[in-house]
Amino acid sequence: MTKIKPQSIMTIQFDRQYPYYLEDRIKDINKSGVPLSEFNYRLANFCIDYWSKEGDTIIDPFAGRVTRAVATEKLNRNYIGYEISPDTHMRSINHFEKIGINPTLHNSNGIWMKETNDGVGDMILTCPPYFNIERYETVPGQLSDYFKYDDFLRDIRLSIRNSYRVVKNESFSCWVVADVRNFHRWGGLLDLHGDIITLHKLEGWRHWDTIILPYAASNSYQIHSAKNNGYTSKVHEYLLVFRK
Ligand SMILES: C[S@@+](CC[C@H](N)C(=O)[O-])C[C@H]1O[C@@H](n2cnc3c(N)ncnc32)[C@H](O)[C@@H]1O
């Protein structure tokens, strides 16, 4: 088992030990043909190595496509994921079979995680929909279909409560999120990372760490449209870490 040498979170972007994106992965586009966001494979490896140990069980209430599952299995941990979209779920299962791994992936609601008993997990690693700025397959419970931000936060809070239920004491929980601009309503910035920190604390988690994840600069169009509207285009996400 290749031991990842300790390093600062800022260098992970440049660690050639892992591809930034999983080579063999499921690429996706949304209804208007725009590529859907991809989870950073290097970041997945860093989080799993940093906040869990071999043999641990990692739970992911919002699985998306396969990146975190593959990283978990390749680092000799066990993966339990939840993906509400039947289409994404089926294609992930087919992908796992194709690459010869067998993580657990439920086509079920990650808000409740009803298939997972109390205290079986050792870590939470996830990336929820960022409210409704990126839309996924429309099915009951699809968080990216929510129109009201308060309704979205209400159910995110339930997933945080059930994340607490399914892991052991002293377990870490890592959420990758970004703040979002509420274009549908008043156009202001929704402090999603701040709200997720507040909700975790309300559900008994200890806020353990906040890491700024810089990513590639915005394109010129984003920069200009932002300037024309008096705000800046975002070039970072947050890695939020909590402890039970
Ligand atoms: C941020 S996305 C994942 C995309 C991301 N870049 C990734 O691969 O990590 C979150 C995923 O959560 C799924 N999802 C939304 N609401 C859910 C729910 N209530 N339970 C489980 N999965 C859900 C969506 O279908 C989407 O595939």
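Which backbone oxygen lies 3.4 Å from a polar atom of the side chain of Arg 77? Hold that thought for a second, everyone. Please keep in mind that what we have on screen is a predicted model.

The answer is the backbone oxygen of Ile 48. And Ile 48 has company, since the backbone oxygen of Ser 52 lies 2.8 Å from a polar atom of that Arg 77 side chain. If you want to find Arg 77 in the viewer, go to the loop between helix 2 and strand 2.

Here is what caught my eye. Arg 77 is buried, and yet it has no salt bridge. Asp 49 is the nearest side chain of opposite charge, at 4.4 Å. Why does that pair not count? Because a salt bridge needs the side-chain nitrogen and the carboxyl oxygen within 4 Å. Leaving out residues up to four places away in sequence, Arg 77 touches a run of neighbours that includes Ile 48, Asp 49, Ser 52, Lys 53, Glu 54, Gly 55 and Asp 56, and also Ile 58 and Thr 72.

Two of those neighbours take us to helix 1. Ile 48 and Asp 49 are among its buried residues. Helix 1 spans residues 41–51, and ten of its eleven residues are buried. The list also includes Tyr 41, Arg 42, Phe 46 and Trp 51. What does the covering? Strand 1, helix 2 and strand 4 contribute, along with strand 5, strand 8 and strand 9. At the start of this helix, a side-chain oxygen of Asn 40 comes within 2.8 Å of the backbone nitrogen of Arg 42.

Now on to strand 1, residues 57–60. In a regular strand the side chains alternate between the two faces of the sheet. Here both faces are covered: Thr 57 and Ile 59 are buried on one side, and Ile 58 and Asp 60 are buried on the other. Strand 1 pairs in the parallel sense with strand 2, residues 78–82, over four bridges. It also pairs in the parallel sense with strand 4, residues 121–126, over two bridges. Keep your eye on Ile 59: its bridge partner in strand 2 is Ile 80, and in strand 4 it stands opposite Ile 124. Strand 1, helix 2 (residues 67–74) and strand 2 together make a right-handed β-α-β unit.

Let me finish with charges. How many salt bridges does a search of the whole structure find? It finds 13, and I picked three to show you.

The first is Asp 87 with Arg 91, with the closest N and O atoms 3.1 Å apart. Both residues lie in helix 3, four residues apart, which is about one turn of the helix. Asp 87 is partly exposed at 39% relative accessibility, and Arg 91 is partly exposed too, at 26%.

The second is Asp 122 with Lys 168, where the closest N and O atoms are 2.9 Å apart. This pair links distant parts of the chain, with Asp 122 in strand 4 and Lys 168 in strand 5, 46 residues apart. Asp 122 is buried, at 16% relative accessible area, whereas Lys 168 is partly exposed at 37%.

The third is Arg 154 with Asp 155, again with closest N and O atoms 2.9 Å apart. Salt bridges that share partners join Asp 151, Arg 154 and Asp 155 into one network. Arg 154 is partly exposed at 46%, while Asp 155 is buried at 8%.

That's my tour. Thanks for listening!

Conventions. Residues numbered from 1 in each chain as written. Predicted model: local features only at pLDDT ≥ 70, side-chain atom pairs only at ≥ 80, totals over all residues. Heavy atoms only, no water. Buried < 20%, exposed > 50% of the residue type's maximum accessible area, 1.4 Å probe, protein only. Pairing = 2+ DSSP bridges. Right-handed = clockwise from strand over helix to strand, strands pointing away. Lys, Arg positive; Asp, Glu negative; His and termini not counted. Polar contact = N/O pair within 3.5 Å; in protein donor to acceptor, adjacent residues only side chain to side chain. Contact = heavy atoms within 4.5 Å.
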